[in-house]
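Biologist: I'd like to go through this one with you and hear the reasoning behind each label. Shall we start with a pocket?

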Amino acid sequence: MHIDRVATQSNTLQSKLNRVIKSIMTDVIIIGGGHNGLVCANYLAMAGKKVTVLERRKVVGGAAVTEEFHPGFKNSVASYTVSLLNPKIIKDLELHANGLKIVHRKVNNFWPHDNDNFLAFVVGTEALKTEIAEFSVSDSASLDRYFRDIDMVANLIRDHLLETPPNAGGGLKDLIKTAKFGNRLRKLSIEDERIVLDIFTKSVSDFLDLYFENEFVKGAFAFDGIVGNYANTKTPGSAYVLMHHAFGEVNGEKGVWGHAMGGMGSITQAMAKSAAKKGVTIQTECSVSEVLIKNGSAYGVKLESGENILANVVASNLNPSLLFNQLIAADKLPIDFARRIKHYKNGSGTFRMNLALSELPQFTCLAQQERASSDHLTGGIIIGATERYIDQAYYDSLRHGWSNEPIVEMLIPSTLDDTLAPPGQHVASLFCQQFDPDLDWDQHREKAASTIIEQVEKYAPGFKASILGQQVLSPLDLERKFGLTKGDIMHGNMSLDQMFSTRPMLGHGNYRSPIKGLYMCGAGTHPGGGVTGAPGHNCANEIIRDS
């Protein structure tokens, strides 16, 4: 018995030693298995690094996951549509070979109006001109100029998506980067320079005034300026948020939106499969409680279970507020950095719902207009047709937490993907804007959800009765479930002071934190929010460059 006890103790010690040795041999730990973390892991593994991804939840993917939310019904839980995922990343990670399939919406978006009409952003410029001419011949004629200007700035931004921004105080290398960027701008005409300045400084309303006059046309374009942006259409800088949603593409076609078959989780599952093939270790249900730091350098992480995992490099896919204010003691950070990161701005005003439906919604405007077809139900259905409506929803949220007439974007992905719901039935995503992120949502969640349903009911009578089940995610629920601070889907405001070289903070726009060996690979770095993969790609490049 004594021999057995000694043998057991010896085996236990050997097991602990093996775990320590394995930890020491890990090159990189990535905190958070969202899409940017998985992209970063893939590129690091391609460079020969031994990578371990630690994910708090039972499944990787972060906010880009597909889950069953009602028996027989599954949907993209938070992130919900495809356009911004970078084509280079899709190719490099061989996502299509790992199961990803993206299909196009047949109509990009449509906006129901109170008068039983609607405006649709149909596919194709000429078709869109015809649609907009229903409301304004002048605005229809302005489309070419508008798209020309948008494409010019979008192409300029695309050139920098997969590049690390010049870092303030970075030395000669960053001065050269700044000069190269300035040279690209220098080649523009003076009017194009003005347009670039407009995009980065003007409100979305002021920017659209340069092109359009009809309230419905302006309202439709203005919507993208407040998506994930808790602001009104008159807020300076909101024109850039519009632009941020304009530089995407699907299957090589620019300016369109798509659906990932099987939901957004199919993107991150393909990324995880690609990573596993490269030898990346992915551990789920591993919640990190602390970044281990000694003598100003990160050397691993401590799990909530009490276990320490060691590595030469740690990369965080978390919101910067979560990383620096919860996983690192303030006395480990430079005083000025610690003071500023406490005030990093979060809160996108986003409220998400997923619904199981017995039938398709019956929108009155589609039944009343001959140009309508079933294709319109494959696009985004946006309740919030004018700037006046959008702004009133924002003002109401400041006073009451949310508006009695909220902004609602509905997608019915089951019109394109029959794997999400039983035959003849459907799932709907409701992506709603202008909900106060600081409200006590445990107290108000259900009332807000009811307000949203009632608002859709006004435009699609019978909608409420068709609901078989629902999942409700307030800003607080998005934080609890996905670690999105204040429910911020962008990992921080997309404002001028939190953009490009200043994201998350001036002096740390190059994916490096003030702690040696601690990097940032999430959407709290350039180029910001959305399922792009770019932050993960760029961070991996910097880690490789430093190793």
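Modeller: Sure. Helix α5 gives the most to the lining of the second largest pocket, with 5 residues. Keep in mind that this is a predicted model.

Biologist: Which other elements supply at least two residues of that lining?

Modeller: Besides α5 (137-161), there are β6, β7, α4 (125-133), α9 (215-222) and β9 (253-254). The lining has 28 residues, and Asn108, Phe147, Lys254, Gly255 and Val256 lie nearest the centre. The volume is about 630 Å³.

Biologist: How does the lining of the second largest pocket divide by class?

Modeller: Into 15 nonpolar, 8 polar and 5 charged residues.

Biologist: Back to β6, then. What makes you call strand β6 largely enclosed?

Modeller: Buried means under 20% relative accessible area. In β6, residues 107-112, 6 of the 6 residues are buried, so the strand is largely enclosed by the rest of the structure.

Biologist: And how do you know that β6 and β7 pair?

Modeller: Pairing takes at least two bridges. β6 and β7 (residues 118-122) have 5 bridges, in the antiparallel sense, so they count as paired. Asn109, for instance, stands opposite Phe121 in β7. The hairpin has 5 residues between the strands, and Asp116 takes a positive phi near 70° there.

Biologist: Why does β17 count as a partner of β6 too?

Modeller: Because at least two bridges are needed, and 2 bridges join β6 to β17 (residues 380-383). Those two strands run parallel. Asn109 turns up again here, with Gly380 as its bridge partner in β17.

Biologist: On to the cysteines. How many disulfides does a search of the whole structure find?

Modeller: The search finds 0. Take Cys365: the nearest cysteine sulfur, that of Cys432, is 17 Å away. A disulfide needs two sulfurs within 2.5 Å, so Cys365 is in none.

Biologist: Why is there no bond between Cys521 and Cys40?

Modeller: Their sulfurs are 4.5 Å apart, and the cut-off is 2.5 Å, so they are too far for a bond.

Biologist: Are Cys365 and Cys521 buried or exposed?

Modeller: Cys365 has 3% relative accessibility, so with a cut-off of under 20% it counts as buried. Cys521 has a relative accessible area of 0%, so it is buried as well.

Biologist: Now the enclosed spaces. How many cavities of 30 Å³ or more are there?

Modeller: The count comes to 2. The largest cavity holds about 60 Å³ of space, and its lining includes Tyr80, Arg105, His259 and Leu416. The second largest holds about 40 Å³, with Val227, Tyr230, Met490 and Met494 among its lining residues.

Biologist: What makes up each lining by class?

Modeller: The largest cavity has 5 nonpolar, 4 polar and 1 charged residue. The second largest has 5 nonpolar, 3 polar and no charged residues.

Biologist: Last one: which residues have the most contacts inside the largest nonpolar core?

Modeller: Phe351 and Phe363, in a core of 85 residues. α5 supplies the largest share of this core, 9 residues. Apart from it lies another core, of 40 residues, among them Ile89, Met264, Tyr511 and Ala540.

Methods
Residues are numbered from 1 along each chain as its sequence is written. This is a predicted model: local features need pLDDT of at least 70, side-chain atom pairs count only at pLDDT 80 or more; totals for chains, interfaces and linings use all residues. Side-chain values use heavy atoms; hydrogens and water are left out. Buried means under 20% relative accessible area, exposed over 50%, partly exposed in between (1.4 Å probe, protein chains only). Helices (H or I, at least four residues) and strands (E, at least two) are DSSP runs, numbered from the N terminus. On a 1 Å grid over the protein atoms alone, a cavity is a set of points where a 1.4 Å probe fits but cannot get out, and a pocket is an open set with protein on both sides within 12 Å along at least five of seven lines; lining residues have an atom within 4 Å of a point. Grid points are joined across faces, edges and corners, and a volume is the space filled by probe spheres set on the points. Ala, Val, Leu, Ile, Met, Phe, Trp, Tyr, Cys and Pro count as nonpolar, Asp, Glu, Lys and Arg as charged, and the others, Gly among them, as polar. A nonpolar core is a set of buried Ala, Val, Leu, Ile, Met, Phe, Trp, Tyr and Cys residues joined through side-chain atoms within 4.5 Å.
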